[in-house]
Amino acid sequence: MDQGAGAGNGPQRARGRLGAPSSGMRAPGTPWARFSAWLECVCVVTFDLELGQALEKSSICYLSFPDSHSGCLGDTQFSFRIRQCGGQRCPGHAGEKPGDRGAPASLQREPAHYFGYVYFRQVKDSSVKRGYFQKSLVLLSRLPFVRLFQALLGLVAPEFFDKLAPCLEAVCNEIDQWPAPAPGRTLSLPVMGVVLQVHIPSRADTPESGPLEPSGHETLLPAPVVLPSVHELDLFRCFRPVLAHVQLLWELMLLGEPLLVLAPSPAVSSEMVLALTSCLQPLKFCCDYRPYFTIHDSEFKEFTTRTQAPPNVVLGVTNPFFIKTLQHWPHILRVGEPKMSGDLPKQVKLKKPSRLKTLDTKPGLYTAYTAHLHRDKALLRRLLKGLQKKRPSDVQTAVLRRHLLELTQSFIIPLEHYMASLMPLQKGIVPWKTPPQIRPFRQDDFLQSLERSGPQLTCVLKGDWLGLYRRFFKSPHFDGWYRQRHREMTQKLEALHLEAICEANIEIWMKDKSEVEVVDLILKLRERLVRAQGHQLPVKEATLKRARLYIDTAIGSLPKDLQAVLCPP
């Protein structure tokens, strides 16, 4: 395999030519700054059947090709996700990055992982010694915009395979002119004579948001290619063989259970894993997941060890060897070749793990897990009726997505209500005292509150909701949700305290205060001001102006030597 991006001998050099260095997004005025807001780099990976095994290979190279069990001929697209190796992390990764402000939690940039979007071509070629042309064009990004990057590859890759480097250089220069992917904006992205029109999702979007509004480019020719979503897959197509078990799979995802997905190709594997991890939206998927994974991956030993419990990861594979290696995993989903006939394909059956055979494993969901909630038979009937009436797949997907969204919201809303009740009352927030603390989350108190404000108020499904919540408390998703909400509430508390200070009379307060107390107030106000200006506190501009005025007033009340220390020339 050889790696490059248009030109160059290796990924580092390629990244320097066409992408951004791995230290994160560049400053707006630097070369390739706009490019790096979208992509980390572009890789070209060629497989040499004679020399391939003799060359040193990286994870990216292995993940860019279907393994020998897939037998993919022609063109195929799939995706992978890899952990960032060593090196300096992006400076803004501790909190929300500037480009992520307003983005839904599930669509924010990945600080420690890259997404790889692959377009692979394997065709007969008599000019090659072994008779096959095999090459992949790979886009590496921190953005989980699978639909957008697949559409981009669909335009660029066929042209690149014919014309090679010059075409890629031109495309990268065009991407370097794109506006930043700011949440809430509808953008027109020109590439290779086509304009892709996309909406970048924001937290303010609602599930009922209509189609894209024209962005002022509708008079331009050619007419833009409108992508309905930058990230959403055709959920109905992905879940066709497992529709009977969608709710059980939703529970496994909610609880962060380890799941192995064995599929016939990287395309089926990656789409199934991405569909599974997206079914918790708007809840952020907090566990690890690999849409396509091979035995050559650097984390193979970490994921397959038997010395400890299986990790909380959803692993998409195509090599049946994983059935033998991971037969100790609690849940294994084996899916067959996709069938796109009008009828519902044969549904995979629930099978006991003991039925798992290391060779020739039949399609099925191998698990001993018993669902806490009763199956929604009405959903399956509605989807079957849609198939009989030949409803378009996007309509079926909308039905399925709404069902999963309402299920997740019914589960999360009682948690949100209880969490909100832990916030101190606003009347307890007084200017010159430390603000009161958020009360601790007590699981037993929450479970008792479900009798009067549980999911039964918004969801018709019966079952053991309490048991599901008890298991959820032990999952990475509860920890991720709780940390996020606690951080938001702490910021709100700080903002309310700053507002209370700015509404008080600072001159009256300073009359009987020592210099030390005044200096302490100045330093605290400055710290809050810095955080508020960095959009980490939800504070109005009028409050910020008053805080600056208070700082000036407090400094003016101090002796000249202290003023010089606090405001050096």
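The following exercises, with worked solutions, concern the nonpolar cores and helix packing of a predicted model.

**Exercise 1.** Determine how many residues the largest nonpolar core has, and which of them have the most contacts inside it.

*Solution.* The largest nonpolar core has 108 residues. Those with the most contacts inside this core are Trp 38, Phe 239, Trp 250, Phe 411, Leu 415 and Phe 441. Apart from it lies another core, of 24 residues, which includes Val 519, Leu 529, Tyr 550 and Leu 558.

**Exercise 2.** Establish how the axes of α7 and α12 are oriented to each other, and which residues make the contact.

*Solution.* Begin with the geometry: the axes of α7 (residues 246–254) and α12 (residues 393–421) come within 12 Å and cross at roughly 45 degrees. Angles from 65 to 115 degrees count as roughly perpendicular and those under 35 as roughly parallel; α7 and α12 are therefore oblique to each other. The crossing of α7 past α12 is right-handed.

Next, assign the residues. From α7, the contact draws on Val 246, Gln 247, Trp 250 and Leu 254; from α12, on Leu 400, His 403, Leu 404, Leu 407, Thr 408 and Phe 411. By class, seven of these residues are nonpolar, three are polar and none is charged.

**Exercise 3.** Describe the packing of α12 with α13 and classify the residues in contact.

*Solution.* The axes of α12 and α13 (residues 443–453) lie 10 Å apart, at an angle of about 115 degrees. This crossing is right-handed. Pro 414, Leu 415 and Tyr 418 of α12 meet Asp 445, Phe 446, Leu 450 and Ser 453 of α13. The contact comprises five nonpolar residues, one polar and one charged.

Notes
Residues are numbered from 1 along each chain as its sequence is written. This is a predicted model: local features need pLDDT of at least 70, side-chain atom pairs count only at pLDDT 80 or more; totals for chains, interfaces and linings use all residues. Side-chain values use heavy atoms; hydrogens and water are left out. A nonpolar core is a set of buried Ala, Val, Leu, Ile, Met, Phe, Trp, Tyr and Cys residues joined through side-chain atoms within 4.5 Å. Buried means under 20% relative accessible area, exposed over 50%, partly exposed in between (1.4 Å probe, protein chains only). Axes are lines fitted to C-alpha atoms, for helices over the stretch in contact, and angles run from 0 to 180 degrees between N-to-C directions. Helices (H or I, at least four residues) and strands (E, at least two) are DSSP runs, numbered from the N terminus. Angles under 35 degrees count as roughly parallel, over 145 as roughly antiparallel, 65 to 115 as roughly perpendicular and the rest as oblique. A crossing is left-handed if the near helix is turned anticlockwise from the far one by less than a right angle, and right-handed if clockwise. Contact means heavy atoms within 4.5 Å. Ala, Val, Leu, Ile, Met, Phe, Trp, Tyr, Cys and Pro count as nonpolar, Asp, Glu, Lys and Arg as charged, and the others, Gly among them, as polar.
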